[in-house]
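Student: I am new to this one. Could you take me through it step by step?
Tutor: Gladly. Have a look first, then ask.

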Amino acid sequence: MTRLKVHITTLPFNKDNLAFLEKSFDVTINPLGRKIKNEEVYEQVHKADYIIAGTEKYNQELLSKLVNLKGISRVGIGIDNIDLNIAAKNNIKIFNTPEEPAKGVAELTLAFILNLLREISSHQLNLNQGNWEKTLGKSLNEATISLIGGGRVAKNVSKFLLSAGVKKIKVFDILDLSADPDWKHESISICEFEECLSNSDIVSLHVPMNEKNKNMISKKELLVMGKNSYLINVSRGGLINEEDLYEALNSNLIKGAALDVFATEPYEGRLLDCKNLIATPHVASSTEYVRDQMERKACENLINLLDE
């Protein structure tokens, strides 16, 4: 009996998870040793029945050509890189791994918060330039931190913050959070979007990327935030107008920012020239444990199909 074919595009991939998948499928893996480019996807996956995918794009044109494709299992939370309407029309099943990376992303968010409030990167930059210059940071328990989005990652961030003694957490979501027990705490306020932006030391984005959320932070919102605030984005790069952020950072419209994601990746733009920016290359879920768990769940998503 011919076994179904799975191609893995996302790297690295744990050898134990690879062996686990090979028990049920014929498996091939991205041979390039690096992130696959959008224009390279078809050549790798056109014979596959299923794909274990990263953040590469699966648009209408590509999906329409993948006549063998029965499903895509994303290693990660976001599925905004997949045209879901075309996938549904072509009976392509879509899976993701929403639970596994949430705590890892929250950990990086907390690291960014601490770095910004205590000005760690700024102090290192001064030392590298030969300046033994000390500035006063802000303690967690005196900071006001706003979370835009009330899903899994934001909930994990709030748990970290509450355990550290943060007394002022503001949360915005388009959904009604009032009945959610995870947001019932004396230190948490459910607020409107503009209220979260204003009078906050930190504004941290935890929402999906879609047409409604594209450029949800632009010059207008950065003006509302003000010159003593910091912006964090560990979700998707398209949530922020990067040109507006560049201007805001260079004119001290806001105090600084920390970004793990960019509209186009790998990112090589001029934001990297900003001294008040902390930037990482989309590593929020990149811990050994989280990556292993995401891969295993992505494999299980496909293996479970065999029992249907």
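Student: Which residue does Lys170 meet in a salt bridge?
Tutor: The model is a predicted one. A salt bridge here needs a side-chain nitrogen within 4 Å of a carboxyl oxygen. The gap for this pair is 3.4 Å, N to O, and the partner of Lys170 is Glu195.

Student: How many residues apart in sequence are the parts that this pair ties together?
Tutor: Lys170 lies in strand S7, residues 168–172. Glu195 lies in helix H8, residues 193–197. So the pair ties together parts whose separation in sequence is 25 residues.

Student: Is Lys170 buried or exposed?
Tutor: Buried means under 20% relative accessible area. Lys170 has 8%, so Lys170 is buried. Its partner Glu195 has 37% and is partly exposed. For Lys170, then, the word is buried.

Student: Which residue pairs with Lys255 in a salt bridge?
Tutor: Side chains of opposite charge can pair when their charged atoms come close. For Lys255 the N to O distance is 3.4 Å, and the partner is Glu119.

Student: How many residues apart in sequence are the parts tied together by Lys255 and Glu119?
Tutor: Lys255 lies in the loop between helix H10 (242–250) and strand S11 (256–259). Glu119 lies in the loop between helix H5 (102–118) and helix H6 (120–128). So the pair ties together parts with a separation in sequence of 136 residues.

Student: Which relative accessibility does Glu119 have?
Tutor: Lys255 is partly exposed, with a relative accessible area of 37%. Glu119 counts as buried, because its value falls under the 20% cut-off. That value is 12%.

Student: How many salt bridges does the chain have by this rule?
Tutor: Among them is the one from Glu40 to Arg34, with the closest N and O atoms 2.7 Å apart. Lys155, Asp180 and Asp182 are linked in a network of salt bridges. The full count is 13.

Student: How far apart do the centres of the positive and negative side chains lie?
Tutor: The chain has 37 positive side chains and 42 negative ones. Each set has its own centre, and the distance between the two centres is 1 Å.

Student: Which residue does a cis peptide bond join to Leu11?
Tutor: Most peptide bonds are trans. At Leu11 omega is about -5°, and the bond is cis. The next residue sits in the loop between strand S1 (5–8) and helix H1 (15–22). That residue is Pro12.

Student: Where is Pro266 found?
Tutor: The peptide bond from Glu265 to Pro266 is cis, with omega near -5°. As for its place, Pro266 is in the loop between S11 and strand S12 (277–279).

Student: What is phi of Asn91 near?
Tutor: Asn91 is found in the loop between helix H4 (84–89) and strand S5 (93–95). Asn91 is exposed, with a relative accessible area of 64%. Its phi is positive, though the residue is not glycine, and lies near 60°.

Student: What radius of gyration does the chain have?
Tutor: The chain has eleven helices and twelve strands. With 308 residues, a compact globule would have a radius of gyration near 19 Å. The value for the chain agrees with that, at 21 Å.

Terms used
Residues numbered from 1 in each chain as written. Predicted model: local features only at pLDDT ≥ 70, side-chain atom pairs only at ≥ 80, totals over all residues. Heavy atoms only, no water. Helix = DSSP H or I, 4+ residues; strand = E, 2+ residues; numbered from the N terminus. Rg over C-alpha atoms; globule rule 2.2 N^0.38 Å. Lys, Arg positive; Asp, Glu negative; His and termini not counted. Charge placed at Lys NZ, Arg CZ, Asp CG, Glu CD. Buried < 20%, exposed > 50% of the residue type's maximum accessible area, 1.4 Å probe, protein only.
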